[in-house]
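Reader: I would like a close look at one part of this model. Please take a helix pair and its surroundings, and spell out the cut-offs as you go.

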Amino acid sequence: MVSSRSLSRRAFLVRSAAVSGGLMVGVCFPKAVLAKKAQKAAAALGPEVTAWVLVNPDDTILIRVARTEMGQGSFTGLPMLIAEELACDWKQVRAEYASTTEHLRRDRIYKDMLTGGSRSIRDSHEYLRKAGAAARTMLITAAAQKWGVPPAECTAASGVITHGSSKRTVKFGAVASDAAKLDIPQDVPLKDSREWKLIGQPVARFDIPDKVTGKTAFAIDTQLPGLVYAAIAQCPVFGGTLKSAAADKISSKPGIVKVVPMDNAVAVVAEGSWWHAQQALKELPIEWNLGDNAKVSSASIMEFLRGGITAKEAPVSRQEGDIDKAFTAAAKVVEAEYYAPYLEHATMEPQNCTVYILDGRVEVWAPSQNSEATAALTAEVTEIPVSKVEVHKVHIGGGFGRRGLVLDFVRQAATIAKAVPGKPVKLIWSREEDIQHGYYRPVALVKMRAALDATNQPTAWYVRQADQSIFNAVRPEAIKNGIDSIGVRTFSDAPYAFPNIRMEYAMRNTHVPPGPWRAVAHTHNPFFRECFIDELAVTAGQDPYQFRRKLLAKATRDLGVLDAVAKAANWEKALPAGVHRGIAVQDAYGSYTAAVAEVSVSDKGELKIQRLVIGLDSGYVVNPDSVRAQVEGCVVYGLTAILYGEITIKEGRVEQSNFHDYPMMRIAEMPKVEVVLAPTGGFWGGAGEPPLAPLAPAICNAIFAATGKRIRSLPLKHHDLRKA
């Protein structure tokens, strides 16, 4: 349970000055090298004008970032929002992570430290811009007081404050100390989007140079004096428990610190290296209680899903019109069943966590998408108040949803560190543990049926989903009337204008732990929906793009981005012989996306993706370069899943174990990608996940155009297709 206490800004400033001689609190853990470095860095900083903005005497600006950089560009995009309103010189701006401890000490002053759901910019844009505007107002006020003139007569631009009539100027750094003593103004007006000078411009990202040169220290790179290493083995069957671990068989070996048993796992702690711990773990005799789940297989899971499809009744997620009457009157009925398998996140940086418990305090280095939850969980496990837990935020080597809601690796590391107090412990999962103990994209089976009248107009649409629920695993209180609102997205909110609709959701939870996988239900539900819409277009004898246009006539933003990609792809222009295309559209996470795929398939089943055109309307775009990279990243990650991605279950456990049988896309496999940014303004949509949504259906619809073969399940490796 997180506990915190409120600390007024004034009290915070006073206390901070006493501690560091500046205006920022340094958290001191005597023997932690990284904490000492952080303390030194803190002492060198200038005044904190607002919690987000520090202005140094040399006019450089330090902007704090509460979310986590995991490749998506937030570490640059979020400071851009503040800097826009601050009216500083962007060349003078640097970024650092906001302290989780300070966040809790100051009554959650950084609002939200969870990174996920493509929410970093779309949820925080307003309060971050207000933080920048407030800081600008305070700096101007300080300059005006210095000159004895009304603040309204002064303006700020590029880090310089100017008094209109006298033309006197002063840089931010010269008045920052005085500004920091002022009360923070509330409800400061924000710029009109037409006044933006920084937002919307391509800006080089702060995190890239160090990543390219290998300087970036991820959590797995944490090094501390006296560090010991933990390797872990977890029960191979989900839901199983540890029966025994014969610690005496290895405890006398040189360098072995301790064997730590847990409910469903056992860890070996060793000196010297993780490899040493891992080798000892392999020699440790372990017995598991596997339980009845050891009988489960992919085949039995499919049978379980089919029970949801064939059940007489299921909760209704959407009901419009009279579907029975429409089907009775139909001239044509189209029916199809689609399937998507479990997928693993397969982050490049495997799960790891370093925990150091010393003198009633805890330091944590974790690749976490949620540092506040990391602090709370560590406090719970170690039984040390959260106020004495310091979570060091770091860039993480891929998250994709794996490290947000579920922090099992943090719990384990804290448990192990508690068993060896006084020693910093670094837990690292092997790649095999990472692949076989994930929180997987749920498996799903969907049956759809649609009616067309004598003029080939769609009149009814019926959907029955047999789906595993993420909410059931992590937030069961969020399930309403048997419906997981995440699981039904794409269907319950579909923009297509069918006059009669009935959508049903049969929750089918297995023993395999589910979790949010990049874009969550917007990875498989769009595949189901948009391929089925294509089936209707073919049955109606209509062009799939024009068919969608009619059904989206009142969904102007969906229609707009669909038109944008069709235009960019020259949809109406004939393609070269042997090249075929498919199209799809989907709104997700507050944005609107569409895709056109061009493919060729040889007589031998060799699939070549010739071209991908991906469109995105996210309303506003903060950093176009970063958003383009997000779209391209979605293509890489999505294509991996479409071509290869599949987790299968045998005897209750995951069959795949490493990249040899759970492959990732290679650089040489990457097709040509054209990104169409079509921001229409007026709203703030996400960018990290929406472009993934239309990818699979666009490709599969193109494959149908090329071969006449309808792809109704993924991955493509099961369809006599191989990458050319």
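Author: Start with terms. Axes are lines fitted to C-alpha atoms, for helices over the stretch in contact, and angles run from 0 to 180 degrees between N-to-C directions. Helices (H or I, at least four residues) and strands (E, at least two) are DSSP runs, numbered from the N terminus. The model is predicted: local features need pLDDT of at least 70, side-chain atom pairs count only at pLDDT 80 or more, and totals for chains, interfaces and linings use all residues. Residues are numbered from 1 along each chain as its sequence is written, and side-chain values use heavy atoms, with hydrogens and water left out.

Now the pair. Helix H15 covers residues 521-540 and helix H19 covers residues 695-707. They pack at an angle of about 35°, and their axes are 8 Å apart. The crossing of H15 over H19 is right-handed; that is, the near helix is turned clockwise from the far one by less than a right angle, while anticlockwise would be left-handed.

Next, the contact, meaning heavy atoms within 4.5 Å. H15 brings Pro-526, Phe-527, Glu-530, Cys-531, Asp-534 and Val-538. H19 answers with Ala-696, Pro-697, Cys-700, Asn-701 and Phe-704. By class, the residues of this contact are eight nonpolar, one polar and two charged. Here Ala, Val, Leu, Ile, Met, Phe, Trp, Tyr, Cys and Pro count as nonpolar, Asp, Glu, Lys and Arg as charged, and the others, Gly among them, as polar.

Take Val-538 in H15. Is Val-538 buried, exposed or partly exposed? Val-538 is partly exposed, because its relative accessible area is 42%. The scale is this: buried is under 20% relative accessible area, exposed is over 50%, and partly exposed lies in between (1.4 Å probe, protein chains only). Val-538 is in contact with Phe-704 and Arg-710, leaving aside neighbours within four places in sequence. Leu-81 is 457 residues from Val-538 along the chain, and their C-alpha atoms are separated by 46 Å.

On to the core. A nonpolar core is a set of buried Ala, Val, Leu, Ile, Met, Phe, Trp, Tyr and Cys residues joined through side-chain atoms within 4.5 Å. The largest one has 77 residues. Trp-461, Ile-699 and Leu-716 have the most contacts inside it. H15 gives the most to this core: eight residues. Ile-699 touches Ala-597, Ile-609, Leu-612, Leu-639, Ile-642 and Leu-716, not counting residues up to four places away in sequence. Another core, of 51 residues, lies apart from this one. Ala-98, Leu-139, Val-149 and Ala-156 are among its members.

Finally, the sheets. Two strands pair if DSSP finds at least two bridges between them. One open sheet has four strands in the order E1-E2-E3-E4, with mixed pairing. Its edge strands are E1 (48-50) and E4 (93-97), each pairing on one side only. The twist averages 30° from one strand to the next. E1 and E2 (residues 53-55) run antiparallel, joined by two bridges. In that pair, Thr-50 stands opposite Val-53. Helix H5 (residues 120-147) packs on this sheet, touching E1 and E2.

A second open sheet has three strands, ordered E5-E6-E7, with antiparallel pairing. Strand E6 (residues 160-163) pairs with E7 over three bridges. Val-160 stands opposite Lys-171 in E7. H6 packs on this sheet and touches E5, E6 and E7. The direction of H6 makes about 75° with that of E7.
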